[in-house]
Amino acid sequence: MGIGRSAVWKLIRSLEELGMEVFALRGKGYKLADPVDFLEKARVLESIDQEQRCSMAGLEVHASLDSTNRFLLDRIDGELPSGFVCLAEHQSRGRGRRGRSWISPFASNLYLSIFWRFDMAGQSLSGLSLAAGVAVARVLAAEGVAGIGLKWPNDVLWDQRKLAGILVEISGEYTGACNVVVGVGLNVNMPPAAGETIDQPWVDLRTVTGQTYDRNVLAGRLIQELVIVFTEFASRGLDERLLAEWEALDVVRGRSISLLTGQGEVTGTAMGLDETGSLLVSVDGRTQRFFSGEVSLRF
Ligand code: BTN
């Protein structure tokens with residue numbers, strides 16, 4: 001290839017910086033821990049049914065972005081059409097809930113965001129993040145992943161460890177139509193070195209089922225299910241069916257929890273959800289309702 005050892009070494013280092021696992025084999029060269037199957041737009045689209053594909057306004061696959069959510073949010077003021085989706089192989093500043101970062105090594109997991117415009121006021125959108133959690137859980141169940149649970153509002157857990165996270169960001173007027181970006185990060189095949197940098201209990205699909213996954217197919221199915229629930233949500237909000245599906249996967253109901261809110265920490269017993277998707281917590285015998293916060297199990 002006309003380049004020397006040190007140039008190869010530098011390129012290998014840059015792969016490692018993107019979060020890929022590379023082994024040096026004495027006298028032979030370098031080897032990837034796993035074969036890489038890149039995301040390809042055409043293969044993602046193949047896994048989406050015609051009906052939902054028609055509701056999409058476009059799909060972009062990027063090698064690296066700071067954050068797929070940020071990428072779409074920055075484009076909302078232009079002519080970004082509702083139903084636009086973007087995927088990235090790597091995020092340099094993946095964003096999690098409550099200002100956390102989302103560790104996003106190259107070509108290992110899924111990082112996708114979808115932009116949707118809802119003709120409803122911001123308050124009515126509070127249930128949307130729960131609906132998105134239902135969509136992700138449906139895809140995992142259809143893949144045969146047993147034991148999936150949801151922790152309010154939308155952490156997708158397996159054995160109390162985070163398998164997927166959802167970040168809903170709303171832009172625009174809180175009273176009129178709302179522009180929403182929903183980002184999903186799904187741990188598919190987390191390289192161990194990247195996993196060590198995650199500051200909360202986590203798990204990936206490979207560990208859960210021992211299988212390898214075609215990320216293109218998974219991405220397509222996630223987009224398909226998100227489009228289905230967003231379409232349903234746009235016409236009926238968080239309806240009884242979505243709410244019942246969410247409640248069937250609730251891992252905190254009846255458990256002793258602490259809830260970190262903007263006003264401080266509350267401890268009590270999780271009592272499920274009200275009809276808007278707010279969390280009900282029994283605190284000293286009185287049931288209180290919470291619109292946002294971070295739940296942790298106490299015992
Ligand atoms: C959480 O903290 O649970 C939410 C994590 C959301 C991560 C996804 S990855 C794709 C999208 N882009 C981001 O920067 N964040 C979301």
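Which strand gives the most residues to the shell around the ligand? Keep that question in mind while the tour moves from the whole chain to the ligand and then out to a few loops.

Begin with the whole protein chain, bearing in mind that this is a predicted model. Coloured by secondary structure, the protein chain shows 9 helices and 14 strands. The radius of gyration of the chain is 20 Å, close to the 19 Å that the globule rule gives for 299 residues, so the chain is as compact as a globular protein of that length. If you orient the view along the principal axes, the C-alpha trace spans about 70 × 45 × 35 Å.

Next, select the ligand together with the residues around it. The shell holds 20 residues, and the closest of them are Ser-67, Gln-91, Arg-95, Arg-97 and Lys-162. Sorted by character, the shell divides into 6 nonpolar, 10 polar and 4 charged residues. Now highlight helix 4 (68-73), strand 5 (110-118), strand 8 (161-171) and strand 9 (178-186), each of which supplies at least two residues of this shell. The opening question is settled here, for strand 8 gives the most, with 4 residues.

Stay at the ligand and display its polar contacts one at a time. Select Lys-162, where an N or O atom of the side chain is 2.6 Å from an oxygen atom of the ligand. Move then to Arg-97, where the atom to pick is in the backbone, since a backbone N or O atom of this residue lies 2.7 Å from an oxygen atom of the ligand. At Thr-68 the partner on the ligand is a nitrogen atom, which is 2.9 Å from an N or O atom in the side chain of that residue. With these contacts on screen, add a surface: the protein covers 100% of the 410 Å² of accessible area that the ligand has on its own. The space that the ligand takes up is also the largest cavity.

Leave the ligand now and select Pro-153, in the loop between strand 6 (148-151) and strand 7 (155-158). The peptide bond leading from Trp-152 to Pro-153 is cis, with omega near 0 degrees.

Finish in the loop between strand 7 and strand 8, where Asp-159 has its place and where Gln-160 is also found. Asp-159 has a phi near 50 degrees, a positive value in a residue other than glycine, and Gln-160, although not a glycine either, has a positive phi of about 60 degrees. As background for these last stops, most residues other than glycine have a negative phi, and most peptide bonds are trans.

Key:
Residues numbered from 1 in each chain as written. Predicted model: local features only at pLDDT ≥ 70, side-chain atom pairs only at ≥ 80, totals over all residues. Heavy atoms only, no water. Near = heavy atom within 4 Å. Polar contact = N/O pair within 3.5 Å; in protein donor to acceptor, adjacent residues only side chain to side chain. Areas by Shrake-Rupley, 256 points an atom, 1.4 Å probe, with all protein chains shown as cover. 1 Å grid on protein atoms, 1.4 Å probe; cavity = no way out; pocket = protein on both sides within 12 Å on 5 of 7 lines; lining within 4 Å. Sits in = over half its atoms within 2 Å of the grid points. Nonpolar A, V, L, I, M, F, W, Y, C, P; charged D, E, K, R; others polar. Rg over C-alpha atoms; globule rule 2.2 N^0.38 Å.
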